[in-house]
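Here are a few exercises to work through with the structure open beside you. Try each task before reading its solution.

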Amino acid sequence: MSKPNLLVVCPPDHYALQNLDAIRDDATIHIGNTIEFVQQYGPAAEILLHTGFGGPIIPFADVYPYTPALKWVHSLSAGVEKFMTPAFIKSPVPLTNARGVFKRSLADFAILAVLFFYKRVRRLIESQQARHWDDFKVDWLPGKIMAVVGYGEIGRECALLAKALGLQIYATRRNPDQSSGDPILDRIFAPSALAEMLAVADVVVAAAPLTPDTHHMLSDAQFSTMKPSAIVVNVGRGPVIDEQALIRALQKGIIAGAALDVFEVEPLPSDSPLWDMKNVLLSPHCTDRTQNPDWLDLSMQCFVSNFRRYLEGLPLENIVNKKAGY
């Protein structure tokens, strides 16, 4: 059996490529990040690993036209909106991603956000810095409602950790029946009932993928239905939240606070009002970038595991529904 040709779009000197050593005997691997490289090795490529890290990467839309023999494409990211070109969506070539790889570290951030606001951590730090013995009350977590918008791998992991703190878990997903009987959930809502769920939520966690249907799904109308005490957390994709609407809601006291790991424009522009808001906790999209184990090593190992399944003729894991966009 001949070795499959693996095209890896990535700077050739990136440290995470060491993970490919485990399959070098089983594949003919070509690594590069120039259009000339793609033009040379793309036509024979059977598998495409589009890394998306290590600086500016040739967009998938520019690579795909040179890869007529593809049988499989893998994204090292969980987000796959940049792969959704009309031609690729129509093709039979499967797309897999890193779904689930970063769910725990992102869920950790969601819990950090809950504790940050309900235990008034900013006030604790400011009082400590001022050497001020500031005796105040904090909130009780059991019984609070966490509403998860997008109950996939990340959303469920956030719910799992929150459940352990005594929160009730409500969630919405495109196909509610897929979560029927889930012991973590107290209630599951269809997308059409989003407003009903948001109206009773204490914490709203945005964990939905970015698709045409989810773009700005949390905007002025949705914020206006929330409690004035509600906290919004985004660990999914930046444009799922209408950032300007969020800023208005925070400035006007329509909601109480927000914890954000992702943004509509990254890096977040220096003139964004979000930087100066005391009712906002910001992460520069680094919540999932763990050190030990290294986050990119984890993602590469996910690909290597799937590659072995490919060689053995087993069904690939983490197959993306290209028509749905996730």
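A nonpolar core is a set of buried Ala, Val, Leu, Ile, Met, Phe, Trp, Tyr and Cys residues joined through side-chain atoms within 4.5 Å. Keep in mind that this is a predicted model.

**Exercise 1.** Find the residues of the largest nonpolar core that touch the most other members.

*Solution.* Start with the core itself, which holds 56 residues. The members with the most contacts to others in it are L6, L20, M146, V233, V235 and F303. Next, look for the main contributor: helix α4 (residues 103-118) gives the most, with 10 residues. Now zoom in on L20. Leaving aside residues up to four places away in sequence, L20 touches V8, I29, I31, L49, M300 and F303. Finally, locate the second, separate core of 35 residues, whose members include M197, A206, V240 and L246.

**Exercise 2.** Work out the strand order of the open sheet of 7 strands, and explain why β8 and β12 each have one side without a neighbour.

*Solution.* Walk across the sheet: the order is β8-β7-β6-β9-β10-β11-β12, and the pairing is parallel. β8 (187-189) and β12 (280-282) are the edge strands with a single partner each, so one side of each has no neighbour in the sheet. From one strand to the next, the twist averages 15°.

**Exercise 3.** Identify the residue of β11 that stands opposite V233.

*Solution.* Begin with the parallel strands β10 (residues 231-234) and β11 (residues 257-260), which are joined by 4 bridges. Opposite V233 you will find A259 in β11. To finish, add helix α6 (residues 153-164), which packs on the sheet and touches β6 (145-149), β7 (168-172) and β9 (203-206). The direction of α6 makes about 170° with that of β6.

Definitions and conventions:
Residues numbered from 1 in each chain as written. Predicted model: local features only at pLDDT ≥ 70, side-chain atom pairs only at ≥ 80, totals over all residues. Heavy atoms only, no water. Pairing = 2+ DSSP bridges. Helix = DSSP H or I, 4+ residues; strand = E, 2+ residues; numbered from the N terminus. Axes fitted to C-alpha atoms, helices over the stretch in contact; angles between N-to-C directions. Contact = heavy atoms within 4.5 Å. Buried < 20%, exposed > 50% of the residue type's maximum accessible area, 1.4 Å probe, protein only.
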